[in-house]
Amino acid sequence: MSATAGQAQGERGLAERLGLKPGQVVQEIGWDEDTDEELRQSIEELTGNELLDEDAEDVVDVVLMWWRDGDGDLFDALSDAMTALADGGQIWLLTPKVGRDGHVEPSDIGEDAATAGLSQTSSVSAARDWSGTRLVAPKGRR
């Protein structure tokens, strides 16, 4: 397999790793110059939709939240993000991996997510420099 073919396969797999599906509407919060463009493009290709920005007022299936230590109050950000979610929606909290500038401790994520009424269901390596944590509202609150 050529390096290019392997790279293309890896790029397609980025959005699939997050469990995203064609037709889903994804809102992106916290974009900055350090976000992973390959992941963003992969999500748009797989879903067939452009990422909505944080000012969009649509109901969305998924919120993609780029978050770094120092970005503010995570509990507040998660609470705000939940207002746009459709029933059964999910938040993918993307944080810099261990050793990268802006890394967020998993214990901080777990504590703020629980306080916001979210359950952490899985964690993945979302991109080269980013970890992803899937957060959902408990079934009784959906």
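A salt bridge here is a side-chain nitrogen of Lys or Arg within 4 Å of a carboxyl oxygen of Asp or Glu. Keep that cut-off in mind as we walk through this predicted model, because D129 and R128 pair with their closest N and O atoms 3.7 Å apart, and that falls within the 4 Å limit. D129 is partly exposed at 25% relative accessibility, while R128 is exposed at 65%. Elsewhere, E28, E37 and R40 are joined into one network by salt bridges that share partners.

The structure holds 6 salt bridges, and R68 takes part in a couple worth a look. With D34, the N to O distance is 2.8 Å. That pair ties together distant parts of the chain, 34 residues apart: D34 sits in the loop between strand 1 and helix 2, and R68 in the loop between strand 2 and helix 3. R68 also meets D71, at 2.9 Å. R68 counts as buried, at 10% relative accessibility, whereas D34 is partly exposed at 38% and D71 is partly exposed at 35%.

Now for helix 2, residues 37-47. At its start, a side-chain oxygen of D36 reaches to within 3.2 Å of the backbone nitrogen of E38. Further along, the buried residues are L39, R40, S42, I43, L46 and T47. Looking down the axis, they fall within an arc of 160°, so they line one face of the helix. Just after the helix, G48 adopts a positive phi of about 80°.

Finally, hop over to T133 in strand 5. T133 is buried, at 6% relative accessibility. Its C-alpha lies 5.6 Å from that of W92, 41 residues away along the chain, and its contacts include I91, L93, I109 and Q120.

How values were computed: Residues numbered from 1 in each chain as written. Predicted model: local features only at pLDDT ≥ 70, side-chain atom pairs only at ≥ 80, totals over all residues. Heavy atoms only, no water. Buried < 20%, exposed > 50% of the residue type's maximum accessible area, 1.4 Å probe, protein only. Helix = DSSP H or I, 4+ residues; strand = E, 2+ residues; numbered from the N terminus. Arc of directions from axis to C-beta. Polar contact = N/O pair within 3.5 Å; in protein donor to acceptor, adjacent residues only side chain to side chain. Contact = heavy atoms within 4.5 Å. Lists of a residue's contacts leave out its neighbours within four places in sequence.
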